[in-house]
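Thanks for coming, everyone. Let me put a structure on the screen and walk you through a few of its contacts.

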Amino acid sequence: MPPNPPSAPSKELHVFPNPAPGRDYVIQFQVPEFTCHCPLTGQPDFAHFTIDMIADELCVELKSLKMYFWSYRNEGAFHEKVTNTILDDIVKATAPRFIRITAKWYVRGGIYTNVVAEHRKKGWKPQPLVQLPAHAAETGLL
């Protein structure tokens, strides 16, 4: 075996302290190659996950998130179950102020499925949206 064997799938999510806990800011993860199996047919299902998260005290570590998503590769699960389980597991590990997971499942039998699940920390309210003036794009020409 090599001295550093390749990583393996894992359900363990690692965390680290939020470097700016006094500020609401969005962390977005894109997972364009998610795979699991249909629990009825055993055929592969593919999805693009987008995770939008406002951390509180903890952030999720990227490599562990990658290994976590990889762990679903050989599991059979319905789209709704997988999406909500992923949300629950990230909430359990990080206790974020807000998190929204959007799972866009690729076509199966002529039907696309999108599943959106979210969690808000009790008592957390987002900051009001700041509307900035729109300006025409500059072209560099006089």
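**Two helices and their surroundings**

Start with helix H1, residues 62-70, and helix H2, residues 79-94: their axes come within 12 Å and cross at roughly 150°. Angles over 145 degrees count as roughly antiparallel, so H1 is roughly antiparallel to H2. The crossing of H1 and H2 is right-handed. Keep in mind that this is a predicted model.

Which residues make the contact between H1 and H2? From H1, we have Leu65, Tyr68 and Phe69. From H2, we have Thr85, Ile86, Asp89 and Ile90. By type, the residues of this contact are 5 nonpolar, 1 polar and 1 charged.

Now the aromatics. A search of the whole structure turns up 9 aromatic pairs. Take one of them, Phe34 with Phe69. In general, a pair of rings is described by the distance of the centres and the angle of the planes. Here the centres are 5.7 Å apart, with 90° between the planes. That pair is edge-to-face.

Where do the two rings sit in the chain? Phe34 is in strand S2, residues 27-37, and Phe69 is in helix H1. They are 35 residues apart, so this pair links distant parts of the chain. Buried or exposed? Both Phe34 and Phe69 are buried.

We can widen the view. Ring pairs join Phe34, Phe49, Tyr68, Phe69, Tyr72 and Trp105 into a cluster. Two names there should sound familiar: Tyr68 and Phe69 also belong to the H1 side of the helix contact.

Next, the loop between H1 and H2. Ser71 is found there. How accessible is Ser71? Its relative accessible area is 13%. Buried means under 20%, so Ser71 is buried. What does Ser71 contact, once neighbours within four places in sequence are left aside? Pro9, Ser10 and Lys11.

Last stop, helix H2 again. Ala93 lies in this helix. Its relative accessibility is 22%. The partly exposed class runs between 20% and 50%, which is why Ala93 counts as partly exposed. Not counting residues up to four places away in sequence, Ala93 touches Leu13, Val15 and Leu58. His14 is worth a look too. Ala93 and His14 are 79 residues apart along the chain, yet their C-alpha atoms are separated by 7.6 Å.

To recap: H1 and H2 cross at roughly 150°, Phe34 pairs edge-to-face with Phe69, and Ser71 in the loop is buried. Thanks for listening.

Methods: Residues are numbered from 1 along each chain as its sequence is written. This is a predicted model: local features need pLDDT of at least 70, side-chain atom pairs count only at pLDDT 80 or more; totals for chains, interfaces and linings use all residues. Side-chain values use heavy atoms; hydrogens and water are left out. Axes are lines fitted to C-alpha atoms, for helices over the stretch in contact, and angles run from 0 to 180 degrees between N-to-C directions. Helices (H or I, at least four residues) and strands (E, at least two) are DSSP runs, numbered from the N terminus. Angles under 35 degrees count as roughly parallel, over 145 as roughly antiparallel, 65 to 115 as roughly perpendicular and the rest as oblique. A crossing is left-handed if the near helix is turned anticlockwise from the far one by less than a right angle, and right-handed if clockwise. Contact means heavy atoms within 4.5 Å. Ala, Val, Leu, Ile, Met, Phe, Trp, Tyr, Cys and Pro count as nonpolar, Asp, Glu, Lys and Arg as charged, and the others, Gly among them, as polar. Rings of Phe, Tyr and Trp (its six-membered ring) pair if their centres lie within 6.5 Å; planes under 30 degrees apart count as stacked, over 60 as edge-to-face and the rest as tilted. Buried means under 20% relative accessible area, exposed over 50%, partly exposed in between (1.4 Å probe, protein chains only).
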